[in-house]
Amino acid sequence: MKFKKLLKSRKTVRTYTGKAADKKDLQKILEAGEYAPAAMGKYENYQFTVVTDKKLLKAIDQEAAMMFGDLHSHPLYGVPTLILVSAKKVDEMAWATAGIMGHNMVLAAEDKGYGACYIYGAVAALRNHPETIADLDLPDGFTPLCGVGVGETEEELEKREIDKERVGITEAE
């Protein structure tokens, strides 16, 4: 897909068929995350964790629902694959780096025709559950900061127009 078309058609997908991305496409999505810049070039301070285990996804989903105070909600939206971005040191630069890595993966997923969603709330809930984090087998000292849900969707990713003045611009001359 051409880059500008990809930007104009990108959207947060919240409905999934239950089918995961195939392994080859998933590797390309993870590779896109690797292409993101890392604060101070310290790539060793970041870790991707691919979660496809239904029991673990359900636990994360339920923990998030509890945190949001709505036990009937599904903050993971039924994603078949959750890619977590974790950092060794949690600071502003780690949050920025994790967000950029996640954004690259969202764009790559949508470029491959999959639905994708930024997952922050459920990851915040996950951080309050060390027993679930232990099930992720993260290297010592790493903390999940954000996630990207990826999977097949029936939602259309179509070009959309936006209000080009929806974000204010200030010029300091």
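This is a chat about the sheet, cysteines, salt bridges and a surface patch of a predicted model.

Student: Hi! Let's start with the sheet. How many strands form it, and in what order?

Tutor: Hi! In this predicted model, four strands make an open sheet, ordered β1-β2-β4-β3, with antiparallel pairing.

Student: Which strands stand at the edges?

Tutor: Those are β1 (46-51) and β3. Each has a single partner strand, so one side of each is left without a neighbour in the sheet.

Student: And what does the twist average from one strand to the next?

Tutor: The average is 20 degrees.

Student: Ok, pairings. How many bridges are there between β2 and β4?

Tutor: Seven bridges join β2 and β4, running in the antiparallel sense. As one example to look at, A87 has T143 of β4 opposite it.

Student: What about β3 and β4, how many bridges there?

Tutor: Five, again in the antiparallel sense. If you want a spot to click on, Y118 has V148 in β4 as its bridge partner.

Student: Back to β3 for a moment. How many of its residues are buried?

Tutor: Four of the five residues in β3 (residues 115-119) are buried, so the strand is mostly covered.

Student: Switching to cysteines. How many disulfides does the count give?

Tutor: Zero disulfides. C117 is in none, and its nearest cysteine sulfur, the one in C146, is 11 Å away. Looking from the other end, C146 is in no disulfide either, with the sulfur of C117 as its nearest at 11 Å. For a disulfide, the two sulfur atoms would have to be within 2.5 Å.

Student: Is C117 buried or exposed?

Tutor: Buried, because its relative accessibility is 2% and the cut-off for buried is under 20%.

Student: And C146, buried or exposed?

Tutor: C146 is buried, with a relative accessibility of 2%.

Student: New topic: how many salt bridges does the structure hold?

Tutor: Two. In one of them, the side chains of K19 and E152 come together at 3.9 Å, N to O.

Student: Where do K19 and E152 lie?

Tutor: K19 is in the loop between α1 (3-9) and α2 (23-34), while E152 is in the segment after β4 (143-151). The pair therefore ties together parts that are 133 residues apart in sequence.

Student: Nice. What's the relative accessible area of K19, and of E152?

Tutor: K19 comes out at 51%, which makes it exposed. E152 has 29% and is partly exposed.

Student: And which side chains meet in a salt bridge at 3.7 Å?

Tutor: K89 and D91, with that distance taken from N to O. K89 is exposed, having a relative accessible area of 57%. D91 is partly exposed, at 24%.

Student: While I'm in that stretch, where is V90 found?

Tutor: V90 sits in the loop between β2 (81-87) and α4 (92-111). With 42% relative accessibility, V90 is classed as partly exposed.

Student: Which residues make the nonpolar surface patch with V90?

Tutor: W95 and Y120 join V90 there, and the patch covers about 270 Å².

Student: Great, so what should I remember about the sheet order and the salt bridges?

Tutor: Keep β1-β2-β4-β3 in mind as the order of the open, antiparallel sheet. Then add the two salt bridges, with K19 to E152 as one and K89 to D91 as another.

Key:
Residues are numbered from 1 along each chain as its sequence is written. This is a predicted model: local features need pLDDT of at least 70, side-chain atom pairs count only at pLDDT 80 or more; totals for chains, interfaces and linings use all residues. Side-chain values use heavy atoms; hydrogens and water are left out. Patches are made of residues with over 30% relative accessible area and no salt bridge: like charges are joined within 9 Å, nonpolar side chains (Val, Leu, Ile, Met, Phe, Trp, Tyr) within 5 Å. Accessible areas come from the Shrake-Rupley method with a 1.4 Å probe; for residues, only the protein chains shown count as cover. A salt bridge is a side-chain nitrogen of Lys or Arg within 4 Å of a carboxyl oxygen of Asp or Glu. Helices (H or I, at least four residues) and strands (E, at least two) are DSSP runs, numbered from the N terminus. Buried means under 20% relative accessible area, exposed over 50%, partly exposed in between (1.4 Å probe, protein chains only). Two strands pair if DSSP finds at least two bridges between them. Axes are lines fitted to C-alpha atoms, for helices over the stretch in contact, and angles run from 0 to 180 degrees between N-to-C directions.
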